[in-house]
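Dear colleague,

I am handing over the structure that we spoke about, and I would be glad if you could open it beside this message. My notes on it come straight after.

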Amino acid sequence: MVHAKRWTLKKHFVGLPTNSDFELKKVELPPLKDGEVLLEALYFTVDPYMRIMAKSLKEGDMMMGEQVARVVESKNSAFPTGTIVVAPSGWTTHSISDGEKLEKVLAEWPDTLPLSLALGTVGMPGLTAYFGLFDICGVKGGETVLVSAAAGAVGSVVGQIAKLKGCKVVGTAGSDEKVAWLKKHGFDVAINYKTVKSLEEALKVAAPEGYDCYFDNVGGEFSNVAITQMKKFGRIAICGAISVYNRTGPLPPGPSPEVIIFKELNLQGFIVYRWQNEVRQKALRDLLKWVSEGKIQYHEHVTEGFEHMPAAFIGLFKGENLGKAIVKA
């Protein structure tokens, strides 16, 4: 008999999540039925979107999220024992799946790359960067791209892909360590938004003629300032708004309608799961190729131990992670 450990939502978040908002439970899993597999988690992801999605949970429900897992018992011929998959199983050490929502790690995955990248640069965050930049922003070589939260799981990939395509890239981050990482990995300009006297002036100096594309990961007052720096017909991919996820009071006012109208800007929110099937597989292969060739560098902020899932999640909102936040089982 297999027992699974699960992190559940003990009570809904008010402001910044705390350890007391979570509860660790142990459950006994039933025997497998025909067509099912038993999964054992290897790596977990923690992501800012979980802060918002948790609103849809009932207190006592398990936290949602993807994991890289190994099939340890199988009654499904499509997923024999030993198969490595990405699974939307949530915050649990073991789970049972009928195989429908499992995605095998790419067959060409090299032994030299950690499997945890399937939750990061060659997974959901990398795909978010890829499709947001190409399909939402429609970026072209020679353009100027602004990326907020540029040292995060998504932003770090956005900037590097934009550089691969011949763009000038300006990234912002919240520490000198993160700024140094951005500069080391090809960003033309990197700005610590917490220490500059004027964000507006810093963005203007970085790109006096303005920005063709803004990849927005933070929202709030930062984005209100950034949007004023757009060129006419600029495109804005709204990926996230981590700066306001923990607010308990009124949200800040949005960007100036006059700027959007008279600059004829295109703002579009998006969720990566729009892109499926072959376009998704091509994007994953592109990302894996770029990483394997050293054209895209990655950095993982790894927390050891399933018992530390809440702490890793809370750390996202304190800016503790450089690159992708991962929890190793």
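What follows is a description of a sheet, the helices that pack on it, and a pocket.

Please keep in mind that this is a predicted model.

The sheet is an open one of 6 strands, which pair in parallel and follow the order E10-E9-E8-E11-E12-E13. Its edges are strand E10 (189-192) and strand E13 (266-269), each of which pairs on one side only, and the twist from one strand to the next averages 15 degrees. Within this sheet, strand E8 (residues 144-147) runs parallel to strand E9 (residues 168-173) and is joined to E9 by 4 bridges; Leu146, for instance, has Val170 of E9 as its bridge partner.

Two helices are worth finding next. Helix H3 (residues 155-164) packs on the sheet, where it touches E8, E9 and strand E11 (211-216), and its direction makes about 170 degrees with that of E8. Helix H4 (residues 176-184), in turn, lies across E9 and E10 and runs at about 175 degrees to E10.

The second largest pocket has a volume of about 310 Å³, and of the 20 residues that line this pocket, the closest to its centre are Gly219, Gly220, Ala241, Val244 and Leu251. Helix H1 (49-53) and helix H6 (220-227) each supply at least two residues of the lining, with H6 giving the most, namely 4 residues. By type, the lining residues of this pocket divide into 11 nonpolar, 5 polar and 4 charged.

With best regards

Note on methods:
Residues numbered from 1 in each chain as written. Predicted model: local features only at pLDDT ≥ 70, side-chain atom pairs only at ≥ 80, totals over all residues. Heavy atoms only, no water. 1 Å grid on protein atoms, 1.4 Å probe; cavity = no way out; pocket = protein on both sides within 12 Å on 5 of 7 lines; lining within 4 Å. Points joined across faces, edges and corners; volume = space filled by probe spheres on them. Nonpolar A, V, L, I, M, F, W, Y, C, P; charged D, E, K, R; others polar. Pairing = 2+ DSSP bridges. Axes fitted to C-alpha atoms, helices over the stretch in contact; angles between N-to-C directions. Contact = heavy atoms within 4.5 Å.
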